[in-house]
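Open the model in a viewer and keep the selection panel at hand. The tour goes from the whole chain to single residues, one stop after another.

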Amino acid sequence: AGPGIMLLYSNGNTLSDNTANSNVYGIDLAYSNSNTLSDNTANSNVYGIYLQGSNTNTITSNNAGSNLYGIYLQISANSNNIYNNKFISNTINGYDTGNNSWNTTKTLGTNIIGGPYIGGNFWSDYNGSDTDGDGLGNTNLPYNSSGNIMNGGDYLPLTQFTIATTTS
C-alpha cells in the first residue's frame, strides 16, 4: 500500500477531518507548500504524517498514533509550523532534519488534550514536567524526540493537565 492521502505539487489547500490508517504513508505532502492539515487522524502506518520538499505548511490538531514514525520531515521540508498535535505510542514520535517550528506562542485556549493553553504538541514520551501548572512542559526542553528532531524542537510541549480541587 502507498499513501492513504497524498498532496503532490499542491499549494494552498486545506486537508481536514480525514482518517488514514494502515498505509505506508498516512498523510503525505510531497513538494506541496502553504497547506493546512488539521483535525486528521493517521494511525498504524509506517509514516503517520510525512513531508518531503514541502515548506510553509501548518499542521495542527492532528492525531498520529501507533505508527513507526508519528511525523517525519525530510531535510528539504522547512518553515513548517507544527503545533497542538497528539503523537502517541509511535516508535519514533517525531523525525526532522530541517528547520521547522514545533510550537506556537503560548495562547489561552483549550488544546488537543484539554489543557488551558495552545503551545506545542502532546508527545507520549515527553519526560519533562510542568512546574508551574499551566499544562505546558518546563523541563527537559526542547523536546526533540530523543534527538530525532535535529534542529530545535518543541519548547512548549503539552502535558496532562488536571484542575486542582480543594475541599473544606
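**The whole chain**

Of the contacts in the protein chain between residues at least 6 apart in sequence, 33% join residues at least 24 apart. The model is a predicted one. Show it as a cartoon: the secondary structure of the chain comes to 15 strands and 0 helices. Along the principal axes, the C-alpha trace spans about 60 × 30 × 30 Å. A compact globule of 168 residues would have a radius of gyration near 15 Å, and the value for this chain, 15 Å, agrees with that.

Now turn on the surface. The accessible surface of the protein chain is about 7,500 Å², and carbon and sulfur atoms account for 45% of this area. Of the 168 residues, 45% count as buried.

**Stop 1: a nonpolar patch**

With the surface still on, select M6, L8, Y9 and Y31. These residues form a nonpolar patch on the surface, and together they have about 430 Å² of accessible area. Centre on Y31, which is in the loop between β3 (25-30) and β4 (36-38). Is Y31 buried or partly exposed? Its relative accessible area is 35%, so Y31 counts as partly exposed.

**Stop 2: N23**

Hide the surface and select N23, in the loop between β2 (14-16) and β3. N23 has 18% relative accessibility and therefore counts as buried, the cut-off for buried being under 20%. Show the side chain of N23 and follow it to the backbone oxygen of N21, which it reaches at 3.0 Å. Then add the contacts of N23, leaving aside neighbours within four places in sequence: G2, P3 and G4, together with S44, N45 and V46.

**Stop 3: T60**

Next, select T60 in strand β7, residues 58-60. At 13% relative accessibility, T60 is buried. Which backbone atom does the side chain of T60 reach? The partner is the backbone oxygen of Y83, at 3.0 Å. Y83 is also among the residues in contact with T60 once neighbours within four places in sequence are left aside; the others are L37, S38, D39, N84 and N85. For a distance across the model, pick the C-alpha atoms of T60 and N138: these residues are 78 apart along the chain, and the atoms are separated by 21 Å.

**Stop 4: N111**

Keep N84 displayed and select N111, since N84 appears among the contacts of N111 as well. N111 lies in the loop between β13 (107-108) and β14 (117-118). With a relative accessibility of 6%, N111 counts as buried.

The side chain of N111 has two backbone partners to display:

- The backbone nitrogen of G115 is reached at 2.9 Å.
- The backbone oxygen of Y117 is reached at 2.8 Å.

Beyond four places in sequence, N111 touches N84, P116, Y117, I118 and L158. Y117 thus appears in this list of contacts and as a partner of the N111 side chain.

**Stop 5: the salt bridge**

Side chains of opposite charge can pair when their charged atoms come close. How many salt bridges does the count give? The count comes to 1. To see it, select K106 and D134, whose side chains meet at 2.8 Å, N to O. This pair links distant parts of the chain, with K106 in the loop between β12 (92-96) and β13 and D134 in the segment after β15, 28 residues apart.

Compare the two ends of the bridge. K106 counts as partly exposed, at 40% relative accessibility. D134 has a relative accessible area of 9% and is buried.

**Stop 6: P142**

The last selection is P142, in the segment after β15 (122-123). The relative accessible area of P142 is 22%, so this residue is partly exposed; the buried class takes values under 20%. Where in sequence are the residues that P142 touches? Not counting residues up to four places away, P142 touches G152, G153, D154 and Y155. Draw a C-alpha to C-alpha distance from P142 to D154: the two are 5.0 Å apart in space and 12 residues apart in sequence.

Note on methods:
Residues are numbered from 1 along each chain as its sequence is written. This is a predicted model: local features need pLDDT of at least 70, side-chain atom pairs count only at pLDDT 80 or more; totals for chains, interfaces and linings use all residues. Side-chain values use heavy atoms; hydrogens and water are left out. Patches are made of residues with over 30% relative accessible area and no salt bridge: like charges are joined within 9 Å, nonpolar side chains (Val, Leu, Ile, Met, Phe, Trp, Tyr) within 5 Å. Accessible areas come from the Shrake-Rupley method with a 1.4 Å probe; for residues, only the protein chains shown count as cover. A salt bridge is a side-chain nitrogen of Lys or Arg within 4 Å of a carboxyl oxygen of Asp or Glu. Helices (H or I, at least four residues) and strands (E, at least two) are DSSP runs, numbered from the N terminus. Buried means under 20% relative accessible area, exposed over 50%, partly exposed in between (1.4 Å probe, protein chains only). Contact means heavy atoms within 4.5 Å. The radius of gyration is taken over C-alpha atoms; the globule rule is 2.2 Å times the number of residues to the power 0.38. A polar contact is a pair of N or O atoms within 3.5 Å; within protein, one must be able to donate a hydrogen and the other to accept it, and residues adjacent in sequence count only if both atoms are side-chain atoms.
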